[in-house]
Amino acid sequence: MDALARFPGSYWRDLFDSRVGRTTWPFGSGVWSKKEFVLPEIDPDHIVSLFEGNSNLFWAERLGRDHLAGMNDLWVKHCGISHTGSFKDLGMTVLVSQVNRLRRAPLSRPIAGVGCASTGDTSAALSAYCAAAGIPAIVFLPANRISLEQLIQPIANGATVLSLDTDFDGCMRLIREVTAELPIYLANSLNSLRLEGQKTAAIEILQQFDWEVPDWVIVPGGNLGNIYAFYKGFEMCRVLGLVDRVPRLVCAQAANANPLYRYYKSGWTEFTPQVAEPTFASAIQIGDPVSVDRAVVALKATDGIVEEATEEELMNAMSLADRTGMFACPHTGVALAALFKLRDQRIIGPNDRTVVVSTAHGLKFSQSKIDYHDSKIEDMACKYANPPVSVKADFGAVMDVLKKRLKGKL
Ligand SMILES: Cc1ncc(COP(=O)(O)O)c(C=O)c1O
Ligand SMILES: N[C@@H](CCOP(=O)(O)O)C(=O)O
């Protein structure tokens, strides 16, 4: 930070702005365009990048105006529209680049491979970046708890995939034991290299707003590295003079996997790990998050809030967002449901500039949407279900359906 502070904030803003949209290696990546803030000393030849980052900041105009009592400054940061379909690419490019550097001459460290425990997205990102670099990847997955789309990603990328009869927290315990014994480098967000990459999403948001600071940023939380990464990105920009304040952060959890929410509600007096229950937001079914202490730092420093969402709330929020042109994942649904609650309580005002972080691509979680639109979910009204209509291939039958649907509009 001392070395970076030798230059004024305006220098960094201009430098980062000058790199947007370029293909000059490695600055075309949203992460490596901030190389000096991320991993300054790495040689560009050692970087393993798939030109991650630079994700769309989407003005959710209709969702805000029509469904959130006239909110006029609501944005969704689409971190899931990325190479492997989640924000994990942002951190994985940094971690795998550093491993690549360590394995190559002159350092030539005997790292046999890189391993992680995963609820599906970390494993997909790790496998893709390792495959691009020719480094073995080993992933520990909780059997039958991740989506098919997520499962096929490391399989296709040639990783060693262990499907374990336990939950994510069990996989996490095992990978920590294994990496303590074998020369396998741990790729979960315990490793701060991951967070260095993930924090660039926060810097990118500031940049996309021409270095104006939003009032609120809402992030779905599981293992809790990402909420801290956002704080770190914003805080670094404040300390180095790129901006003059940081936004208030909201961490949103599924009610079925809410250890941070409970901790927050206890006034930060008692943290109790839990056995997380199944949730449609399966990538955040985590009961013993490794970065809980970091999350508390982030939330306390930003006057932050923790909210939770039931299964019905998160699925309805996701489906309503889809009705306004998105194709959100259930984790984004958790963040959106938190926004609905904070807006109802008037904690977030109609003119507050608010960013909801969308963490994965909806196509990774299509089964949850199929179940919802089939109204197949027990104890859920699925109020925005929109099932296809089966019609005989006959002009009259088709006309009857359309007239009924468009009644009063024809
Ligand atoms: C899609 C998705 N959203 C949100 C999260 C939560 O991020 P974190 O574990 O950093 O809290 C994860 C992973 O846990 C994820 O895969
Ligand atoms: N959602 C994550 C859980 C592990 O989180 P990490 O950030 O610590 O790797 C996943 O996709 O595996």
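For the exercises below, Ala, Val, Leu, Ile, Met, Phe, Trp, Tyr, Cys and Pro count as nonpolar, Asp, Glu, Lys and Arg as charged, and the others, Gly among them, as polar. The model is predicted.

**Exercise 1.** Describe the surroundings of ligand 2, beginning with its shell of residues and ending with the area that the protein covers.

*Solution.* Begin with the shell, in which 13 residues surround ligand 2, the closest being Ser118, Thr119, Thr122, Ser189 and Arg194. Sorted by class, this shell holds three nonpolar, seven polar and three charged residues. Next, look for polar contacts, for which a pair of N or O atoms must lie within 3.5 Å. A backbone N or O atom of Thr119 is 2.7 Å from an oxygen atom of ligand 2, while polar side-chain atoms of Ser189 and Asn223 lie 2.6 Å and 2.8 Å, respectively, from an oxygen atom of the ligand. Finally, of the 340 Å² of accessible area that ligand 2 has on its own, the protein covers 96%.

**Exercise 2.** Work out which residues are closest to ligand 1, and which of their atoms make contact with the ligand.

*Solution.* The shell of ligand 1 comprises 15 residues, with Asp121, Gly222, Asn223, Leu224 and Thr359 the closest, and it divides into six nonpolar, seven polar and two charged residues. From the backbone, an N or O atom of Gly222 lies 2.7 Å from an oxygen atom of ligand 1, and a polar atom of Leu224 is likewise 2.7 Å from an oxygen atom of the ligand. From a side chain, an N or O atom of Thr359 is 2.7 Å from a nitrogen atom of ligand 1. The protein covers 98% of the 380 Å² of accessible area that ligand 1 has on its own.

Technical notes: Residues numbered from 1 in each chain as written. Chains lettered and ligands numbered in written order. Predicted model: local features only at pLDDT ≥ 70, side-chain atom pairs only at ≥ 80, totals over all residues. Heavy atoms only, no water. Near = heavy atom within 4 Å. Polar contact = N/O pair within 3.5 Å; in protein donor to acceptor, adjacent residues only side chain to side chain. Areas by Shrake-Rupley, 256 points an atom, 1.4 Å probe, with all protein chains shown as cover.
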